[in-house]
Amino acid sequence: MSDLQARFEQAQIDLKSLSERPDNAVLLELYALYKQATAGDVSGERPGMMDFINRAKYDAWERYRGYSSEAAMERYLEVANAQLGR
């Protein structure tokens with residue numbers, strides 16, 4: 001396992017120990033970056049207008065289309081470290 005992969009996985013664990021839940025914008029960004037890092041570009045149809053949560057997740061993930069797995073992990077670490085006060 002690469003150092004980047006290890007830091008990425010550790011950040012996921014560390015975020016679960018936060019005393020306060022991050023706001024929804026941060027959570028969406030972390031979700032999108034995680035999905036881009038682990039699954040690649042978003043696929044499938046965009047959820048309908050009334051499916052607010054899944055549509056927001058889809059749109060957040062779509063913003064990172066074309067990012068490599070490594071680039072998404074690096075950005076995830078930046079956001080996570082900001083939340084963790086590092």
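Reader: Glu20 is a convenient place to begin, so where does Glu20 lie, and why is Glu20 called exposed?

Author: In this predicted model, Glu20 lies in the loop between helix 1 and helix 2. The relative accessibility of Glu20 is 64%, and a residue counts as exposed when the value is over 50%, so Glu20 is called exposed. As for its position relative to Glu9, the two residues are 11 places apart in sequence, and their C-alpha atoms are 20 Å apart in space.

Reader: What makes Phe8 count as buried, and which residues does Phe8 touch?

Author: Phe8 has its place in helix 1, which runs over residues 3-16. Its relative accessibility is 1%, and since buried means under 20%, Phe8 falls in the buried class. If residues up to four places away in sequence are not counted, Phe8 touches Tyr34, Ala37, Thr38, Met73, Tyr76 and Leu77. Met73, one of these, is 65 residues from Phe8 along the chain, with 6.2 Å separating the two C-alpha atoms.

Reader: How do you know that helix 1 is roughly antiparallel to helix 2, and what is the handedness of their crossing?

Author: The axes of helix 1 and helix 2 cross at roughly 150 degrees and come within 13 Å. An angle over 145 degrees counts as roughly antiparallel, so that is the term for helix 1 with respect to helix 2. Their crossing is left-handed. Helix 1 contributes Phe8, Gln12 and Leu15 to the contact, while helix 2 contributes Leu30, Tyr34, Ala37 and Thr38. Sorted by class, this contact has 5 nonpolar and 2 polar residues, and no charged ones.

Reader: Why are helix 2 and helix 4 described as roughly antiparallel, and which residues make the contact?

Author: Helix 2 and helix 4 pack at an angle of about 155 degrees, and their axes are 8 Å apart. That angle is set against the cut-off of over 145 degrees, and the two helices are therefore roughly antiparallel to each other. The crossing of helix 2 and helix 4 is left-handed. On the side of helix 2 the contact is made by Val26, Glu29, Leu30, Leu33, Tyr34, Gln36 and Ala37, and on the side of helix 4 by Ser69, Ala72, Met73, Arg75, Tyr76, Val79, Ala80 and Gln83. In terms of class, this contact holds 10 nonpolar, 3 polar and 2 charged residues.

Reader: Why is Val26 assigned to the buried class?

Author: Val26 is found in helix 2. Its relative accessible area is 15%, and the limit for buried is under 20%, so Val26 is placed in that class. Leaving aside residues up to four places away in sequence, Val26 touches Val79 and Gln83. Between Val26 and Asn81, which are 55 residues apart in sequence, the C-alpha to C-alpha distance is 12 Å.

Reader: How do you know that the length of helix 4 agrees with its number of residues, and what covers its buried residues?

Author: Helix 4 has 16 residues, numbered 69-84, and at 1.5 Å a residue these should span 22 Å; because the C-alpha atoms at its ends are 22 Å apart, the two values agree. Within helix 4, Ala72, Met73, Tyr76, Leu77, Val79 and Ala80 are buried, and what covers the buried residues includes helix 1 and helix 2. After helix 4 comes Gly85, whose phi is positive, near 75 degrees.

Reader: What makes helix 2 oblique to helix 3?

Author: The axes of helix 2 (residues 24-39) and helix 3 (residues 52-62) come within 8 Å and cross at roughly 60 degrees. This angle is not under 35, not over 145 and not from 65 to 115 degrees, which means that helix 2 is oblique to helix 3. The crossing is right-handed, and the contact joins Leu28, Tyr31, Ala32, Lys35, Gln36 and Ala39 of helix 2 with Ala56, Lys57, Ala60 and Trp61 of helix 3. By class, there are 7 nonpolar, 1 polar and 2 charged residues in this contact.

Reader: Why is Asp59 called partly exposed?

Author: Asp59, which is found in helix 3, has a relative accessibility of 24%. Buried would require under 20% and exposed over 50%, so Asp59 counts as partly exposed. Asp59 and Glu29 are 30 residues apart along the chain, and their C-alpha atoms are separated by 10 Å.

Note on methods
Residues numbered from 1 in each chain as written. Predicted model: local features only at pLDDT ≥ 70, side-chain atom pairs only at ≥ 80, totals over all residues. Heavy atoms only, no water. Axes fitted to C-alpha atoms, helices over the stretch in contact; angles between N-to-C directions. Helix = DSSP H or I, 4+ residues; strand = E, 2+ residues; numbered from the N terminus. Left-handed = near helix turned anticlockwise from the far one by under 90°. Contact = heavy atoms within 4.5 Å. Nonpolar A, V, L, I, M, F, W, Y, C, P; charged D, E, K, R; others polar. Buried < 20%, exposed > 50% of the residue type's maximum accessible area, 1.4 Å probe, protein only. Expected span 1.5 Å × (residues − 1).
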